[in-house]
Each structure stands twice: as structure tokens, then as C-alpha cells.
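Colleague: Could you walk me through this one? I'm new to reading structures, so plain talk is welcome.

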Amino acid sequence: MAVTAKAFQLWRSRIAPQDTVSDVCRVAGIKRSTLAQQLVRGKVSVPTVVAIARGYGLPPVNALAVFDGYQDLPAGIKAPTDAELVSQVSHIDILRLLVARSEDRECAGTDLQLDLAPFPHRNSVRAWVEAVDPGDLRQRLAESTGVARQNLSAQLTAGRLAPEIAVQAARIAGVSLTSGLVVTGLLTPAEGGWPPDGRARALCALADLDLVFLARDRLDVLGKQIRRAELDDGKDRAMWENLG
């Protein structure tokens with residue numbers, strides 16, 4: 001949900017009363033034309049608000065709480081669940097831990113030293129949704145946001161989720177309201193209240209069998225994506241061949 005231009009201008013006048021639009025864009029590191037176009041359309045994007053908040057040294061969560069649809073964000077911050085944390089570990093790191101355990105080079109006391117790849121990863125959004133899904137998340141999301149389920153599926157396939165949908169998903173799932181904004185990359189883990197060593201701790205707490213099943217599921221998703229990409233490439237080649 002983009003914020004209204006009127007609400008944005010009121011907020012901007014409070015945090016930077018002496019600064020022009022050009023000044024704000026320079027501080028935030030965004031193009032003036034980008035903000036100008038959004039203001040003309042009457043809607044300012046959430047990433048723009050976050051970028052400006054960071055530029056002025058304001059916590060993005062508190063900045064978003066000024067606008068409709070995000071007022072409960074600060075109060076809704078809590079520790080992510082282990083399932084959420086594990087969902088943000090890439091399949092490569094899962095396999096690395098499996099191999100290390102099989103070679104008996106990792107033990108409970110040293111697992112936390114794993115150097116995990118940064119996230120979001122390729123399947124962060126879908127993995128998070130599946131991790132927090134109480135069983136009917138997509139249906140309830142569609143009903144509460146008015147977004148068709150096929151559109152939700154398209155967003156997940158593309159590895160993205162609109163901020164307002166990410167927050168609503170967290171509300172429905174009963175998890176931290178900032179979690180969806182973290183896994184989509186809008187907020188940093190620190191801004192969203194995620195502990196720096198949380199992913200490694202949650203991953204290493206998994207039993208070997210659970211780790212194997214997790215790796216299997218991730219590789220299954222990856223295999224489907226690669227297969228779909230190959231089919232699309234084949235269709236493109238066939239089309240070009242038919243065109244001559």
C-alpha cells in the first residue's frame with residue numbers, strides 16, 4: 001500500500017521542515033524525478049518512505065507507523081520464530097551443514113560459527129509464507145486484502161510481496177509484523193528485530209533427519225524452478241525458429 005501524497009508531505013514537513021524536495025532526495029539517495037512522479041500520481045511508495053527515513057536517521061518502522069495501514073507496526077515487533085529463521089537460510093547453506101555433519105566436522109558447540117549467506121535468498125518470500133502459513137493463509141490474505149489468489153501466487157513466484165500484503169500476512173499468521181518486510185528486503189534484519197545469529201542457531205538446532213527433509217524440500221522447489229525455466233527457454237527458441 002503506497003502512502004498518500006498528502007500524508008507524505010505532512011510527514012516530510014515534520015522531519016525536514018527546511019528541506020526542499022531536492023534536498024530530501026539527495027539525503028535519501030533517490031532520484032528527484034522518482035519522487036516527483038509519485039507525488040504527481042498522489043501515491044508515494046513505501047520503499048521511498050523507508051529510504052528517506054534512513055537518510056534522516058529515523059527508524060523506518062517508526063516512520064511507517066505514521067501512515068494508514070502501518071500504525072501497529074512498532075507494537076507488533078517480536079522475535080521471529082525458528083521456522084521463520086530457517087526459511088531464510090539458502091539451500092546451499094543447508095547442504096553445507098549436512099555435509100559438515102556427515103564428516104563430523106560440526107558439533108553442537110561450533111555450529112553457530114557457520115558463515116551463512118546473506119538473505120533474502122532466491123526463494124525467501126515463498127519459504128517465509130510457507131513457514132508461517134497456518135493452513136489457509138493465502139485464502140485469508142485474498143479475502144482481507146482484495147487481491148486475487150492468482151495475483152498472490154504470481155507475486156510469490158516472482159519472489160516478491162507488496163508491503164501491505166506482507167504485513168497482513170504476518171497479522172494473520174500471528175508472527176512479528178516486520179517479518180514479511182524483512183524477507184522481502186524492504187527492512188534490514190536489524191530494523192525488523194531479527195537477531196544476528198538467529199538463523200544459524202535455528203538451523204543448527206535441527207536434528208539430522210529434519211535437516212535432510214528440509215534439504216529435500218528446498219531442492220524440490222529448485223528443481224521445479226529450473227524445469228520451468230528450461231521449458232520457457234525452449235518455447236522462446238521455438239518461437240524464434242518459427243519466425244525465421
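Modeller: Sure, and keep in mind that this is a predicted model. Let's start with Arg140, which has a relative accessible area of 35%. Buried means under 20% and exposed means over 50%, so Arg140 counts as partly exposed.

Colleague: Which residue forms a salt bridge with Arg140, with the closest N and O atoms 3.8 Å apart?

Modeller: Opposite charges can pair up when their charged atoms come close. The cut-off for a salt bridge is 4 Å between nitrogen and oxygen, and here the closest N and O atoms are 3.8 Å apart. The partner has 31% relative accessibility, so it's partly exposed: that's Asp136.

Colleague: Is Asp23 buried or exposed?

Modeller: Asp23 shares a salt bridge with Arg26, at 2.7 Å from N to O. The two sit 3 residues apart in helix H2, so about one helical turn separates them. Arg26 is exposed at 59%. Asp23 has a relative accessible area of 18%, and the limit is 20%, so Asp23 is buried.

Colleague: How many residues apart are Asp82 and Arg201?

Modeller: Their side chains meet in a salt bridge, 2.7 Å from N to O. Asp82 lies in helix H6 and Arg201 in helix H13, so the pair links distant parts of the chain. The separation is 119 residues.

Colleague: At what angle do helix H9 and helix H10 pack?

Modeller: Packed helices get described by the angle and the distance between their axes. H9 passes H10 in a right-handed crossing, with contacts from residues including Leu141 of H9 and Leu152 of H10. The axes are 9 Å apart, and the angle is about 115 degrees.

Conventions
Residues are numbered from 1 along each chain as its sequence is written. This is a predicted model: local features need pLDDT of at least 70, side-chain atom pairs count only at pLDDT 80 or more; totals for chains, interfaces and linings use all residues. Side-chain values use heavy atoms; hydrogens and water are left out. Axes are lines fitted to C-alpha atoms, for helices over the stretch in contact, and angles run from 0 to 180 degrees between N-to-C directions. Helices (H or I, at least four residues) and strands (E, at least two) are DSSP runs, numbered from the N terminus. A crossing is left-handed if the near helix is turned anticlockwise from the far one by less than a right angle, and right-handed if clockwise. Contact means heavy atoms within 4.5 Å. Buried means under 20% relative accessible area, exposed over 50%, partly exposed in between (1.4 Å probe, protein chains only).
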